[in-house]
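Here is a guided reading of one model, taken step by step. Please keep the sequence and the 3D view open while reading.

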Amino acid sequence: MSLIQSILANVHKSLHPERRKRIRKFQAFHFRQLQHVIFRALFGSNLKALAALYGSDKWGSHWYAQHYERHFSCLRKKRINILEIGIGGYDDPEAGGESLRMWRAYFPNSRIYGVDICDKHVHDERRIKTFRGSQVDQIFLGQVVQEIGDIHIIIDDGSHRNEHVLGTFGFLFPKLSKDGIYVIEDTQTSYWPSIGGSSSDFNRADTTMGFLKKLVDGLNYPEFDLPQYEPTYYDKHITAVHFYHNMVFIQKGFNKEGSNLLSKGEWCKPW
Ligand SMILES: C[S@@+](CC[C@H](N)C(=O)[O-])C[C@H]1O[C@@H](n2cnc3c(N)ncnc32)[C@H](O)[C@@H]1O
C-alpha cells in the first residue's frame, strides 16, 4: 500500500460509521456513472459483453444473453419502458442491480424498472427505478403498472415458483403494450416438485412449462375444426412463443390472420 493510500485508509477508518457509509455510497454512485459511460461507449450493442462486465448471471452461469440479443436488438434504440421482476441480491439491499444496469447500457433511450420483494432503492439511478413488493401482490403490481405507464418488455426473474410465475403472467400479460414481449427465465423450476413443478407430468397446466406449451396450440386457433370454439384472451393476443433452454419469450400482438382454408370450407371437401 502506498503512503497516500494508507493515510486515506486511516482517515476513512477514523470517520463515524454513518459518514463512512455515505462516503462509500457516494463513491460507488460516481464509480457506477463512470463505468456506465465507458461500458456503453465500448460495448453498448454487445449484450453478452455487458452481462459479463456488469456481473449479471444472464451470461456465464446462464446463457440467456444470446437469446435476448436475438429478440431485443431491433428495439435497442427505441424509447420504451422495461420492467424486470427480481433485482438480485435477495435480502442484502446493496447487492443486486446488475441486470438493471446492463439493460440501461444496452437500451440507451429506455427506462428500466425493477421489482423485488426486498428493498433495492440504493440501485435507483438515472433511468433506473426500483419498487419494493411481491410479484404475487396484484394491488402492488397494479400500482407499479400505473406509475410506469406503457410497458413494452416484462422479464420475470423473480421467485421462479410455478404458481408465482403463472399468477404474475396472468395479471401482467394483459397489461403489456399491444406489441410487447414477456420473458420468463428459469423455467426449469417447472420440473422441480419442491417449488410447485413436476417431473412426472410435463403437461400439468399449473407448471410454467405445462401452461406455456398450451399457448402454442392457441396460435393456430382459427384452424381448430370446432365451430363453437371461443378463443381465449391468449389465443387472440399472442403471435409467437419461443422456447429456449430454461427461458421462454412470449410475443404479444393481434393473432388475427384467420384460417385460409377452414373459413372457406375447402378443408372439408373430399380430396
Ligand atoms: C435471481 S435473482 C434476480 C437476478 C437479476 N434479475 C439479475 O439478472 O441479475 C431473484 C430475485 O428475486 C427476488 N424475489 C424473490 N421472491 C420474490 C417475489 N415474490 N417478488 C419479487 N421478487 C422476488 C429475490 O429477492 C431476488 O433478489
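Start with two helices: α3, covering residues 47-54, packs with α4, covering residues 65-72, at an angle of about 135°, and their axes are 8 Å apart. The model is a predicted one. Angles over 145 degrees would count as roughly antiparallel and 65 to 115 as roughly perpendicular; α3 and α4 are therefore oblique to each other. Their crossing is right-handed. On the α3 side, Leu-47, Lys-48 and Ala-51 make the contact, and on the α4 side Ala-65, Gln-66, Tyr-68 and Glu-69 do. Sorted by class, this contact of α3 with α4 holds four nonpolar residues, one polar residue and two charged residues.

Helix α3 also packs with α5, here at an angle of about 145° and with the axes 9 Å apart. The crossing of α3 and α5 is right-handed. From α3, the residues in contact are Leu-47, Leu-50, Ala-51 and Tyr-54, while α5 supplies Glu-98, Arg-101, Met-102, Ala-105 and Tyr-106. The contact of α3 with α5 has seven nonpolar and two charged residues, and no polar ones.

Next comes the sheet. Seven strands form an open sheet with mixed pairing, and their order is β3-β2-β1-β4-β5-β7-β6. Two strands, β3 (128-132) and β6 (238-244), stand at the edges; each has a single partner strand, so one side of each is left without a neighbour in the sheet. On average, and with direction ignored, neighbouring strands of the sheet are turned by 15° against each other.

At the β3 edge, β2 and β3 pair in the parallel sense over five bridges. Asp-116 has Arg-132 of β3 as its bridge partner. A further helix, α8 (residues 208-218), packs on the sheet and touches β5 (176-185), β6 and β7 (247-252). The direction of α8 makes about 135° with that of β6.

The last stop is the ligand. Which residues come nearest to the ligand? Of the 24 residues around the ligand, these are Gly-86, Gly-88, Ser-99, Gln-135 and Ser-159. Three elements give two or more residues to this shell: the strands β1 (81-85) and β2 (111-116), and the helix α5 (98-106). Helix α5 thus appears both in the shell around the ligand and in the packing with α3. By class, the shell consists of seven nonpolar, 11 polar and six charged residues.

Methods. Residues numbered from 1 in each chain as written. Predicted model: local features only at pLDDT ≥ 70, side-chain atom pairs only at ≥ 80, totals over all residues. Near = placed C-beta within 6 Å. Helix = DSSP H or I, 4+ residues; strand = E, 2+ residues; numbered from the N terminus. Nonpolar A, V, L, I, M, F, W, Y, C, P; charged D, E, K, R; others polar. Axes fitted to C-alpha atoms, helices over the stretch in contact; angles between N-to-C directions. Parallel < 35°, antiparallel > 145°, perpendicular 65-115°, else oblique. Left-handed = near helix turned anticlockwise from the far one by under 90°. Contact = placed C-beta atoms within 7 Å. Pairing = 2+ DSSP bridges.
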